[in-house]
Amino acid sequence: TIVEGCHFYNGRHHITTNSTSGVSEDHYRGMPVGIVINGTTHAGSWVYPIDTHRAGSRITISNFTIASLSGGIEIRTPNTTVSNGVIRLPHAPSVPGVAVGHGVACYFNNKNIRISNVDVSGGSLGFFVGSPTTRGENVSITGCSTENTQAEAFYIDKVDGFTLNGNIAGAVLNGQTS
């Protein structure tokens with residue numbers, strides 16, 4: 001499956017895979033693999049306009065620009081690659097009634113995740129990797145940058161084996177360290 005060269009402008013547009021099933025459950029079998037989202041521009045207002053939605057595997061998101069009133073990308077699928085992107089979010093909580101999310105959030109079964117060359121400005125956290133239930137493993141964030149996040153530039157919790165390499169953590173608005 002390929003979503004390529006799309007421009008979503010000024011609306012509640014949302015790119016997502018097609019299941020909310022848990023990746024360890026039997027009905028996970030047959031979920032889509034090899035999804036490519038490339039060259040996409042998003043200027044709408046949906047929470048996490050790109051959401052891998054815990055369906056399938058081997059999702060690639062690259063060469064993108066997101067200007068959202070809330071979150072950027074939500075990774076809920078193993079074997080996902082996110083690269084070469086720009087995410088612009090408001091400075092939390094500058095939009096009344098909107099909970100400003102993270103630039104890139106990686107939840108649930110977050111295994112074999114590669115994030116590289118992504119520039120995040122604004123939002124709650126720049127890059128969040130964690131899970132309320134299962135531990136993730138093998139997560140790499142390389143060559144990324146953040147500025148003007150409300151809290152941590154990089155927040156990593158419950159992950160076995162992660163790499164942070166060549167990243168730039170810019171200003172944090174509430175003064176917390178990364």
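Q: Which residue of strand 10 is the bridge partner of Ile75?
A: Cys106 in strand 10 is the partner of Ile75. This is a predicted model, in which local features need pLDDT of at least 70, side-chain atom pairs count only at pLDDT 80 or more, and totals for chains, interfaces and linings use all residues. Residues are numbered from 1 along each chain as its sequence is written, and side-chain values use heavy atoms, with hydrogens and water left out.

Q: What makes residues 73–75 a strand?
A: A strand is a DSSP run of E with at least two residues, numbered from the N terminus. Residues 73–75 form such a run, and so they are called strand 8.

Q: Why are strand 8 and strand 10 called a pair?
A: Two strands pair if DSSP finds at least two bridges between them. Strand 8 and strand 10 (residues 104–106) are joined by 3 bridges and run parallel, so they pair.

Q: Where do strand 8 and strand 10 sit in their sheet?
A: They belong to an open sheet of 6 strands in the order 3-6-8-10-12-15, with parallel pairing.

Q: Why are strand 3 and strand 15 called edge strands?
A: Strand 3 (15–16) and strand 15 (154–156) each pair on one side only.

Q: How do you know that strand 5 pairs with strand 7?
A: Strand 5 (residues 41–43) shares 2 parallel bridges with strand 7, which meets the pairing rule, so the two strands pair. Here Thr41 stands opposite Thr65.

Q: How many bridges join strand 7 to strand 9?
A: There are 7 bridges between strand 7 and strand 9 (residues 81–88), which run parallel. Among the partners, Thr60 is matched with Thr81 in strand 9, while Val36 also stands opposite Thr60.

How values were computed
Helices (H or I, at least four residues) and strands (E, at least two) are DSSP runs, numbered from the N terminus.
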